[in-house]
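Please open the model in your viewer and keep the selection panel at hand, since this tour moves from one selection to the next. At each stop you will be told what to pick and what can be found there.

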Amino acid sequence: MNDRAGEGWTRRRALQALSFASTATLLPGCTSRRDPEALTFWATGYEGDYAPHLMTAFSARTGIPVETQSLPGTAAHEKYLTARAGGSLPDVMMLPSGWAGEFAMIGAIAPLPDPALAQDTFPGVMRPLTYEGRAFAMPWSVGSQVQFYRRDLLGEVGYDTAPTSWEGWRDLGAKLKRRHPDRYTMLMFLNWWDTLITFAGQAGAYPLRDNDTRGHFRTPAYRHALAFYVSMFADGYAPRVSSNELQDPLAAFAQGWFAIYPNGPTLLTDLHRRTREIAAGAWGVARMPGPGGPGAVSAINNSIAVSTTTRRPAEAWALARHLTSVSSELRFQQMIGVLPARRSAWQSAQLAGPVLRPFAEQVEQPAVQPTIVEWERIRLEVQIIAERVVRGGLTIDEGLAAMDARVDALLAQRRRLVAAGKIA
């Protein structure tokens, strides 16, 4: 969603503003190092909360202390930019992969010193981490939306697993609605862009044209995706709600108010922690549905970058290597559920279970998405318009036209720069 770049589950995690006990509590850009010998590291969400656990081994091996800060995801982008302007960026930082191009463009992060740091990863992962032909960040975690489903509810209407085609979703929705007319089949928050973008990727839609300078939403593929998305709400299979209207979606899932919850890998951690509410055998995982079955899905990945202002680049890159090592990625997967970006890590028995198989299959088939710095904003704006369509304020064709118009406006400066030959 990821992706977020920050990505769907990334928005949920973004609401978590509490820091882990051993993280610094001062706001970035307004703080100084408690230990002048320490490296500094910033991250968001669970990664920021649990990062101190990865630093112990690094400090024991190198003798270098590391101070970590966990940033609220809703404010992380602004805080990074403020720190860049004030010359107070951390030595090493976690970035949603979709941000890497922007921070490379403004000179905030350094290019990788060794091409080998960009190897041992999955298809498409390095594309958003590359700017003007150079890689500027190291992959740290990979993921995409999958569908978590209630085995018992699907079993009531004859399904052993969640359907992976759009027609299958329609059939399941109709059967469950007849059996439980006061409940829903799936939950897709209207202020989260992940599911619509996933459907568009499954349909083979690419959202931009003319060298990524204009919107390209009035196409058969994108119309197909938006029409299917809207129909899930119109037919009563999904509730018209935003994330701030449902306090605890996992509790609602456990109570059976909906049977399918598209989400990302960190939901696994929440499910394992709340087995008193929903037993481990009560739910399963399947790939997201496509028009004719599973297809390419946009990735929601995170990366590690080193600041251009670090006074100790050798030590900073050593920390970046440590964080993205197979052992560190596997440990983080155990702790918080994020999935390793290192392909070799997936040879571990730790990742061999059936629950993770849909994720493994999905990361091998990523949808091609724009890597321009405006893409983060475009996704949000497109979802705002999609919500208006779902709520009846626009028709599907009016919504697609509005998406093109809004994106064309957002990309006006990019068109001027491309026309002037200043960017490719």
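A residue is called buried when its relative accessible area is under 20%, exposed when it is over 50%, and partly exposed in between (1.4 Å probe, protein chains only). What you are looking at is a predicted model, in which local features need pLDDT of at least 70 and side-chain atom pairs count only at pLDDT 80 or more, while totals for chains, interfaces and linings use all residues. Residues are numbered from 1 along each chain as its sequence is written, and side-chain values use heavy atoms, with hydrogens and water left out.

**First stop: a sheet of six strands**

Helices (H or I, at least four residues) and strands (E, at least two) are DSSP runs, numbered from the N terminus, and two strands count as paired if DSSP finds at least two bridges between them. Strands of a sheet pair through backbone hydrogen bonds, either parallel or antiparallel.

Select the six strands that form an open sheet with mixed pairing, following the order β2-β1-β3-β12-β6-β13. The edges are taken by β2 (66-71) and β13 (339-340), each of which has a single partner strand, so one side of each is left without a neighbour in the sheet.

Now select β1, residues 39-44, which pairs with β2 in the parallel sense over six bridges. Along this pairing you can find L39 opposite V66 in β2, and T44 with L71 of β2 as its bridge partner. Strand β1 also runs parallel to β3 (residues 92-96), to which two bridges join it, and there the bridge partner of F41 is V92.

Is β1 enclosed or open to the outside? Six of the six residues of β1 are buried, so this strand is largely enclosed by the rest of the structure. Both of its faces are covered, with L39, F41 and A43 buried on one side and T40, W42 and T44 buried on the other.

**Second stop: a sheet of three strands**

Move on to the open sheet with the order β10-β7-β11, whose three strands pair in the antiparallel sense. Here β10 (260-263) and β11 (283-287) stand at the edges with a single partner strand each, so each has one side without a neighbour in the sheet. On average, neighbouring strands of this sheet are turned by 30° against each other, direction ignored; for such angles, axes are lines fitted to C-alpha atoms, for helices over the stretch in contact, and angles run from 0 to 180 degrees between N-to-C directions.

Select β7 (residues 146-150) together with β10, and you have an antiparallel pair with four bridges, in which F148 has Y261 of β10 as its bridge partner.

**Third stop: two buried polar side chains**

A polar contact is a pair of N or O atoms within 3.5 Å; within protein, one must be able to donate a hydrogen and the other to accept it, and residues adjacent in sequence count only if both atoms are side-chain atoms.

Select S231 in helix α9 (residues 220-234), which counts as buried because its relative accessibility is 13%. Its side chain reaches the backbone oxygen of F228 at 2.6 Å. Then select N301, in the loop between β11 and β12 (302-306), which is buried with a relative accessible area of 6%. A polar atom of the N301 side chain lies 3.1 Å from the backbone nitrogen of G143.

**Last stop: salt bridges**

Side chains of opposite charge can pair when their charged atoms come close. A salt bridge is a side-chain nitrogen of Lys or Arg within 4 Å of a carboxyl oxygen of Asp or Glu, and a search of the whole structure finds 16 of them.

Begin with D171 and K175, whose side chains meet in a salt bridge (3.1 Å, N to O). Both lie in helix α7 (residues 166-179), four residues apart, about one turn of the helix. D171 is partly exposed at 31% relative accessibility, and K175 is partly exposed at 29%.

Next select R223 and D397, which form a salt bridge with their closest N and O atoms 2.8 Å apart. This pair links distant parts of the chain, with R223 in helix α9 and D397 in helix α16 (residues 396-410), 174 residues apart.

Finish with R391 and E245, whose side chains meet in a salt bridge at 3.6 Å, N to O. Add E387 to the selection, and you can see a network of salt bridges that links E245, E387 and R391.
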